[in-house]
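User: I have a model open and would like to go through a few of its residues with you. Could you keep the cut-offs explicit as we go?
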Amino acid sequence: MTTHAPVLDAHKSHSEKPKHYLNCSSGFWSWASTLDHKRIGLMYLIGTGLAFLAGGLFALLVRLHLWQPDGMLFSNDQYNQIFTLHGAFMVFLFVIPAIPGSLGNIVLPLMLGAKDVALPRLNLLSFYLWLSGAVLAALAIVMGGFDTGWTFYAPYSLYTNKAVVTIGLAIFMLGFSSIFTGLNFIVTTHKLRAPGLTWFRMPLFVWALYATSLLQVLATPVLGITILLVAFERLYNIGIFDPRLGGDPVLFEHFFWFYSHPAVYIMVLPAFGIISELVTVHSRKPLFGYKLIAFSSLAIAIISFLVWGHHMFTSGQSTYAMFAFSFLTFFVAIPTAIKEFSWVATIWKGSIALNSPMLYTLAFLIIFAIGGLTGVILGSLNVDLHLHDTYFVVAHFHYVMMGSIALAFFAGLHHWWPKMFGVMYNETLAKIACLVIFVGFNATFIPQFIMGSQGMPRRYATYVPEFQPYHSASTIGAMILGSGVALMVFYLVASLLTGKKAMQNQWGGVTLDWMSPTPPPLENFAHTPKVTTEVYDYSTLDLKSTQTPIG
């Protein structure tokens with residue numbers, strides 16, 4: 001299959017130093033009221049980054065508590081609250097909004113040759129809804145916390161005396177933020193593409209964000225309705241999920257997972273888009289199977305609505321339903337495998353640059369392969385009955401969510417950092433941090449696969465002593481992982497103060513985002529770019545003309 005990418009009219013440089021989006025205005029209000037997609041993306045980056053660090057701190061506390069079989073730090077009630085905070089912060093405040101809200105907001109209009117997103121005021125509102133949800137989540141902690149796990153399973157979420165309604169309202173607001181972002185990206189992709197940028201000349205990161213946006217708009221309302229029903233059930237004893245009032249708690253699971261499995265792909269599809277961009281740029285080679293990857297994103301979005309029941313194999317559903325959900329679980333692996341094989345085929349015999357973005361990309365390919373294969377294992381009925389609700393599921397979940405999505409996010413962050421800020425981070429420290437994170441992650445979760453296969457249940461605050469070696473190894477791995485993340489935060493922040501000037505086109509990319517000045521001006525391009533040929537064609541790139549220092 002021939003693969004293509006856009007070659008464009010490069011933006012002409014000017015002798016004078018143009019103002020860019022970071023210095024075009026100053027002051028708190030200029031940022032708080034900004035309609036510029038890049039500034040909104042940076043505010044998302046800071047907010048979701050802080051949520052990630054908070055969620056990571058809660059994870060370290062959980063692992064430290066589990067160092068000893070009888071627990072080391074907390075009572076059982078406190079452990080449940082710390083465990084819930086880790087899951088809720090990571091899922092709702094980081095993993096779902098991080099890539100679309102930050103990198104998507106910054107890069108999508110640049111890749112389309114647009115001056116901004118189609119609905120800039122809605123874009124700002126989506127950020128403030130996210131911020132309001134984060135504040136409410138923090139308020140719920142002050143009001144006594146919440147201890148239901150991030151899944152809020154009924155009937156426990158109906159009986160506990162914690163601040164479930166408050167955190168439910170927070171998630172409701174976060175859901176609206178997600179929907180508004182998805183609507184904005186759909187309209188922007190349809191209406192603001194540069195002249196000549198046809199659907200099959202669009203970068204694959206745009207395709208991934210487009211498929212993600214469809215999921216956000218279609219699936220998120222189900223979560224909002226479910227959370228509202230839980231709130232009404234707690235406040236007015238309606239009897240929807242409460243078995244004491246004739247309700248059905250399994251109905252809650254159906255509602256929750258009907259949203260939450262598409263939500264897995266809301267999280268992972270943008271990560272796929274990042275990896276698709278990075279493997280071609282840093283291998284200096286056209287992407288293998290461009291159209292297959294584009295269509296596989298849409299296929300994943302569609303099939304993801306049909307597989308929620310594989311989370312409920314032990315809930316008493318019929319044999320025929322379990323068979324159907326098991327088959328669909330295997331089936332959704334096909335478009336996912338298309339992506340993995342296409343990425344590997346692109347790297348094969350490419351001119352690979354082993355810089356930090358590419359190292360994170362390679363780490364992603366390994367981690368995601370493990371996460372995907374263990375998912376197929378859990379999709380098998382007879383095996384899942386043994387592994388359900390064990391640490392095997394915890395490890396699989398983190399290989400897909402934390403390992404794959406966070407690594408792709410880190411890869412994209414390192415890739416577009418020079419474009420966003422016009423400075424380069426310390427490449428040596430970046431490579432060291434990538435290695436430490438990769439080693440720490442595997443050291444954390446490989447022991448969990450082993451103890452899960454031996455029957456260690458998840459969510460328990462205490463455990464029998466025979467599992468202590470695995471828990472101790474996992475805790476040491478978490479500390480290594482945390483040190484790698486801390487090193488990454490250090491050199492990225494330090495680069496803003498002492499970093500060297502980045503090149504105009506730091507990595508030699510051929511998509512429209514690299515044709516904009518670095519950092520981009522407020523309007524992105526002085527003139528609307530024109531796309532004249534196809535996608536990812538590096539033979540047309542004049543590196544000498546784009547690899548000049550800025551400033």
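User: What is phenylalanine 364 in contact with, leaving aside its neighbours within four places in sequence?
Analyst: Phenylalanine 364 is in contact (heavy atoms within 4.5 Å) with Phe272, Ile275, Trp343, Ser404, Leu407 and Ala408, once neighbours within four places in sequence are left aside. This is a predicted model, in which local features need pLDDT of at least 70 and side-chain atom pairs count only at pLDDT 80 or more, while totals for chains, interfaces and linings use all residues. Residues are numbered from 1 along each chain as its sequence is written, and side-chain values use heavy atoms, with hydrogens and water left out.

User: And how confident is the predictor along the chain?
Analyst: The average pLDDT, the predictor's confidence in each residue from 0 to 100, is 89 for the chain, and 94% of the residues score at least 70. Over residues 1-15, however, pLDDT stays under 50.

User: Switching to asparagine 105, is that residue buried or exposed?
Analyst: Asparagine 105 is buried (under 20% relative accessible area, with a 1.4 Å probe and protein chains only), since its relative accessible area is 0%.

User: Where is asparagine 105 placed, and which residues is it in contact with?
Analyst: Asparagine 105 lies in helix α3, residues 76-112, helices being DSSP runs of H or I with at least four residues, numbered from the N terminus. Beyond four places in sequence, its contacts include His37, Tyr44, Asn123 and Phe185. The C-alpha atoms of asparagine 105 and isoleucine 274 are separated by 13 Å, although these residues are 169 apart along the chain.

Definitions and conventions
Helix = DSSP H or I, 4+ residues; strand = E, 2+ residues; numbered from the N terminus. Buried < 20%, exposed > 50% of the residue type's maximum accessible area, 1.4 Å probe, protein only.
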